[in-house]
Amino acid sequence: MLDFNRACLSTKPISTAINDLIEKAESPEENTRQYLGASAIGSECLRKVQYDWMCDPSHPSRTRDIFRRGHLFEEVSRQHFISAGFKFAPKEKLGFIAVGGMFRGHADGVFISGPELPDVGYSCLWEHKCLGGKGWRALERDGLEKAYSHYAAQVWIYQAYLNITEHPAIFTAMNADTCERLHLLVPFNAERAQMWSDRAVTVIEATLAGELLPRFTDDQDDWRCKMCSHRERCWNERA
């Protein structure tokens, strides 16, 4: 007799047992940043920005591996750019410190020279992200600000604080499913950069004053809340 029921091998005892062991073996995460990072400021939830800054994160090992994957693919792309004739600025030129040391950021790269390309000028900022197939297609279809406004904020902040505003940034997205790369030009937007910079100051001032900023929604079943690593802490707060 044929069995047409599909197997779900990931739920078998051996798989779940090993994954449980891996999860338990992960060392606790610590919040080593004593400052607000530019990569966090673009979140739509101000309270999440505060928690990302001030609280120890809580991510399962799979999520941590996704972060590690991003760093791995960034380095792979970097080597491809170098082979293609692009030259990067040294690492010490990629960071900024502002608001009395409370707001900082470190760009993925700055191209100081490279091949002649349409609408590309040097020096220009480089930012790299690794996305799942669905997110990559959304970026390809809708552009950076619409698909990933927090990444656009990050780019504009880096351009402003590193004073690399004359030429558009190059934003590279790697499709984690297919290893395709998408490269977008992101012109500097002074108005947006100022808006996000002001937002950082708001978060810093409120946090130092002990003020908990509002959530972006009152619905704790919102899918973005369900995915947030601070969900339990946040909804146990009175505010």
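This is a short walk through the model, one selection at a time.

Before you click anything, know that this is a predicted model, where local features need pLDDT of at least 70, side-chain atom pairs count only at pLDDT 80 or more, and totals for chains, interfaces and linings use all residues. Residues are numbered from 1 along each chain as its sequence is written, and side-chain values use heavy atoms, with hydrogens and water left out.

**Stop 1: confidence.** Colour the chain by pLDDT, the predictor's confidence in each residue, from 0 to 100. The chain's mean is 87, and 89% of its residues reach 70 or more. Among the elements, helix 1 (residues 13-25) has the lowest mean pLDDT, 73, while strand 2 has the highest, 98. Helices (H or I, at least four residues) and strands (E, at least two) are DSSP runs, numbered from the N terminus.

**Stop 2: an open sheet.** Select strands 1, 4 and 3: they form an open sheet of 3 strands in the order 1-4-3, with mixed pairing. Its edges are strand 1 (36-37) and strand 3 (95-98), each of which pairs on one side only. Two strands count as paired if DSSP finds at least two bridges between them. Strand 3 runs antiparallel to strand 4 (residues 103-106), with 4 bridges joining them. Try picking glycine 95: its bridge partner in strand 4 is histidine 106.

**Stop 3: strands 2, 5 and 6.** Now move to strand 2 (residues 87-88), which is antiparallel to strand 5 (residues 109-113) and joined to it by 2 bridges. Phenylalanine 88 stands opposite phenylalanine 111 of strand 5. Stay on phenylalanine 111, whose bridge partner in strand 6 is cysteine 124. Strands 5 and 6 (residues 124-131) run antiparallel too, with 3 bridges.

**Stop 4: the loop from strand 5 to strand 6.** Zoom in on serine 123, which is in this loop. The peptide bond leading into serine 123 from tyrosine 122 is cis, with omega near 10°. Aspartate 119 sits in the loop as well, and has a positive phi of about 65° although it is not a glycine. Both are worth a look because most residues other than glycine have a negative phi, and most peptide bonds are trans. Is aspartate 119 buried or exposed? Aspartate 119 is exposed, at 64% relative accessible area; buried means under 20%, exposed over 50%, and partly exposed in between (1.4 Å probe, protein chains only).

**Stop 5: another positive phi.** Jump to asparagine 163, in the loop between helix 6 and strand 7. Its phi is near 55°, and asparagine 163 is exposed, with a relative accessible area of 62%.

**Stop 6: the nonpolar core.** A nonpolar core is a set of buried Ala, Val, Leu, Ile, Met, Phe, Trp, Tyr and Cys residues joined through side-chain atoms within 4.5 Å. The largest one has 40 residues, and those touching the most other members include Leu36, Phe96 and Phe171. Which element gives the largest share of this core? Helix 6 does, with 7 residues. Apart from this core lies another, of 7 residues, among them Phe81, Cys124, Trp126 and Ile170. Show Leu36 with its contacts (heavy atoms within 4.5 Å): beyond four places in sequence, they include Trp53, Phe103 and Ile204.

**Stop 7: the cysteines.** The whole structure has 0 disulfides, meaning pairs of cysteine sulfur atoms within 2.5 Å. Select cysteine 228: the nearest cysteine sulfur, from cysteine 45, is 6.8 Å away. Cysteine 228 is buried, at 18% relative accessible area, and cysteine 124 is buried at 0%.

Note on methods
Contact means heavy atoms within 4.5 Å.
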